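Here is my notebook from a walk through this model, one entry per thing I looked up. Pull up the viewer and follow along.

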Amino acid sequence: MPRLRLALLCLILSPLALADTVNVAVASNFQQTLDKIAKSFKAATGHDVKASAGASGKLAAQIRQGAPFEVFLSADDERPTELAKAGLGQASSQFTYAYGQLALWSKQRDDAGEAALRKGDFAKLAVANPATAPYGRAALETLAALKLEAAVKPKLLTGDNIGQTMQFAEVGGADFAFVAYSQLLEQGIRGHYWLVPEKLHQPIRQDALLIKPTPAAAALMAYLKGEQARALMAQAGYRFKP
């Protein structure tokens, strides 16, 4: 009997014994969506997710410097590709988990849109740093496509990442902000926004890369391709085709 009880106890506890924590470097725009995915992932696998959010370029730099991340969820496809080529991730694991959408948002004004940008009667326009944040690069591509880059340049307020960019507009430091559409949906943000036509910038292709092939990390990569994770991404405003 003692042996039988021990065997049964091992069977009951075995999923917990195998559970682990995945250290994830995640682009700021995807942080809240990942939080929701992490809950369903834990329910399905027992694994926890520990996320560190920031601009994709800065996260990639941290990985190059030896930061202990196991999965990289970038807001572009370039950084994961560069890391994989440098031997800092499994190239065969890289895939596009979603395409992001860019939005121009204002907390106070009701005229967020192309016409407001052209009119120019605003003091500050917040964008994420285009050198490190793909959404910031898409914002500048949009201004260039509208031939407004030079006119708006003196009014630009640059944030380290897309999260800080939204904060600028939230607290009144900027009249408008180019943000991720997903941020507006996930946070239930009130205000007026313009969903930027995708023809005005390059597709915001967001790629995942397995940095360290632990069982829990591999499980998360697989989970991101599944129906439940994709449903949560769709609810957050992400697309799966450019």
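**Entry 1: a helix over the sheet.** A reminder to myself before anything else: this model is predicted. I began with helix α2, residues 31-45, and found that α2 lies across β1 (21-27), β2 and β3. Relative to β2, helix α2 runs at about 175°.

**Entry 2: the sheet itself.** Next I traced the strand order. The sheet is open, has five strands with mixed pairing, and reads β2-β1-β3-β10-β4. Which strands stand at the edges? They are β2 (48-54) and β4 (95-100); each has a single partner strand, so one side of each is left without a neighbour in the sheet. I also looked up the twist: on average, neighbouring strands here are turned by 20° against each other, direction ignored.

**Entry 3: β10 and its partners.** I then went through the pairing of β10, residues 204-210. With β3 (residues 71-73), strand β10 pairs in the antiparallel sense over three bridges. Two of the bridge partners I noted are Leu210 for Val71 and Leu209 for Phe72. On to β4: how many bridges join β4 to β10? There are five, and these two strands run antiparallel as well. Tyr99 has Arg205 in β10 as its bridge partner. I checked burial too: six of the seven residues of β10 are buried, so this strand is largely enclosed by the rest of the structure.

**Entry 4: domains.** The domain assignment gives domain 1 as 21-99 + 204-236 and domain 2 as 102-200. I looked up the separation of their C-alpha centres, which is 25 Å. For the contacts between them, I have 18 residues of domain 1 touching 17 residues of domain 2.

**Entry 5: Pro197.** I found Pro197 in the loop between β9 and β10. Its relative accessibility is 28%, so I logged Pro197 as partly exposed. The C-alpha atoms of Pro197 and Gln101 are separated by 8.7 Å, although the two residues are 96 apart along the chain.

**Entry 6: Val179.** Is Val179 buried or exposed? Its relative accessible area is 0%, so Val179 goes down as buried. Val179 belongs to strand β8, residues 176-180. Leaving aside neighbours within four places in sequence, its contacts are Gln101, Leu102, Ala103, Trp105, Tyr135, Ile162, Met166 and Leu184. I also took the C-alpha separation of Val179 and Leu104: 6.2 Å, with their positions 75 residues apart along the chain.

**Entry 7: aromatic rings.** I counted five aromatic pairs. One of them is formed by Tyr181 and Tyr193, with 5.6 Å from centre to centre. How should this pair be classed, stacked, edge-to-face or tilted? Planes under 30 degrees apart would be stacked and those over 60 edge-to-face; here the angle is 45°, so the pair is tilted. Tyr181 sits in helix α9 (residues 181-187) and Tyr193 in strand β9 (residues 192-195), so the pair ties together parts that are 12 residues apart in sequence. The two rings' residues were worth an accessibility check: Tyr181 counts as buried at 15%, whereas Tyr193 counts as partly exposed at 40%. I also noted one aromatic cluster, formed by Phe30, Tyr97 and Tyr238.

**Entry 8: charges over rings.** Two cases went into the notebook. The charged end of Lys225 sits over the ring of Phe95, 4.7 Å from the ring centre. Arg230 places its charged end over the ring of Phe240, and there the distance to the centre is 4.0 Å.

**Entry 9: a backbone oddity.** Which residue has a positive phi although it is not a glycine? I have Lys147 for this, with a phi of about 60°. Lys147 lies in the loop between α6 (134-145) and α7 (149-152). With a relative accessible area of 74%, Lys147 is exposed.

Conventions. Residues numbered from 1 in each chain as written. Predicted model: local features only at pLDDT ≥ 70, side-chain atom pairs only at ≥ 80, totals over all residues. Heavy atoms only, no water. Pairing = 2+ DSSP bridges. Helix = DSSP H or I, 4+ residues; strand = E, 2+ residues; numbered from the N terminus. Axes fitted to C-alpha atoms, helices over the stretch in contact; angles between N-to-C directions. Contact = heavy atoms within 4.5 Å. Phe/Tyr/Trp six-rings, centres within 6.5 Å; stacked < 30°, edge-to-face > 60°. Buried < 20%, exposed > 50% of the residue type's maximum accessible area, 1.4 Å probe, protein only. Lys NZ or Arg CZ within 6 Å of the ring centre and 35° of its normal. Domains from an automatic or database assignment.
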